[in-house]
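Student: I should like to study one part of this protein closely. Could you take a single helix and explain how it is placed among its neighbours?

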Amino acid sequence: LGGADADAQAWGDTTQDVLVRPFPASDYGPWPMCGPIRNEAMVKKAVDTYGRENVHGLAFPRGVSEETRGTIELMESFGIGHEVWEYERAAQYSRY
């Protein structure tokens with residue numbers, strides 16, 4: 001895992017009662033087209049598995065970060081509660 005995925009996992013490793021489920025981008029085809037496909041799969045899987053009311057998203061965008069910002073829009077369209085941690089806040093969990 002890299003980028004925002006690594007930051008999310010590092011955050012999850014320090015937080016109790018939080019499930020961080022990896023979705024490696026490489027499982028969804030070649031870069032960069034795999035990004036939006038994977039992001040939609042993450043949101044749908046969370047809703048289908050746990051129910052909209054039991055899902056809370058946490059996004060770690062870095063600058064423009066089109067893919068992460070697209071995932072934020074997906075969470076909003078699915079009615080999923082979420083937080084957005086911009087780089088400065090997420091940096092404390094960064095592994096690189």
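Tutor: The account below follows one helix, α3, and then the elements around it.

The model is predicted, and its confidence should be considered before any detail. The mean pLDDT of the protein is 83, and 89% of its residues reach 70 or more. Confidence is highest in helix α2 (residues 34-50), with a mean of 93, and lowest in helix α4 (residues 87-90), with a mean of 62. Where pLDDT is low, the predicted coordinates should not be read in detail.

Helix α3 covers residues 66-77. Its 12 residues should span 16 Å at 1.5 Å a residue, and its end C-alpha atoms are indeed 16 Å apart, so the expected and the computed span agree.

Which residues of α3 are buried? They are T68, T71, I72, L74 and M75. Viewed down the axis of α3, these buried residues fall within an arc of 160 degrees, and therefore they line one face of the helix. On the other side of α3, the residues E66, E73 and S77 are exposed. As for the neighbours, the buried residues of α3 pack against α1 (3-13), α2, β1 (56-59) and β2 (81-84).

Two of these neighbours are strands. β1 and β2 run parallel and are joined by 4 bridges. One pairing involves A59, whose bridge partner in β2 is V84. From β1 the chain crosses through α3 to β2, and this β-α-β crossover is right-handed. Within β1, G57 and A59 form a covered face, while H56 and L58 form an uncovered one. In a regular strand the side chains alternate between the two faces of the sheet.

The helix α2 is another neighbour. It has 17 residues and reaches 24 Å from its first C-alpha to its last, close to the 24 Å expected at 1.5 Å a residue. Its buried residues are C34, G35, R38, N39, V43, A46 and V47. The buried residues of α2 pack against α1 and α3.

The ends of both helices also deserve attention. Just after α3, G79 takes a positive phi of about 75 degrees. α2 is followed by G51, whose phi is also positive, near 85 degrees. Most residues other than glycine have a negative phi, and most peptide bonds are trans. The peptide bond from W31 to P32 is cis, with omega near 5 degrees, and P32 lies in the loop between α1 and α2.

Finally, R52 links these regions in space. R52 is placed in the loop between α2 and β1. Its relative accessibility is 40%, and because this value lies between 20% and 50%, R52 counts as partly exposed. In sequence R52 and G79 are 27 residues apart, yet from C-alpha to C-alpha they are 7.0 Å apart in space. Leaving aside residues up to four places away in sequence, R52 touches V47, F78 and G79. Of these contacts, V47 is among the buried residues of α2, and G79 comes just after α3.

Definitions and conventions: Residues numbered from 1 in each chain as written. Predicted model: local features only at pLDDT ≥ 70, side-chain atom pairs only at ≥ 80, totals over all residues. Heavy atoms only, no water. pLDDT = per-residue confidence, 0-100. Helix = DSSP H or I, 4+ residues; strand = E, 2+ residues; numbered from the N terminus. Expected span 1.5 Å × (residues − 1). Buried < 20%, exposed > 50% of the residue type's maximum accessible area, 1.4 Å probe, protein only. Arc of directions from axis to C-beta. Contact = heavy atoms within 4.5 Å. Pairing = 2+ DSSP bridges. Right-handed = clockwise from strand over helix to strand, strands pointing away.
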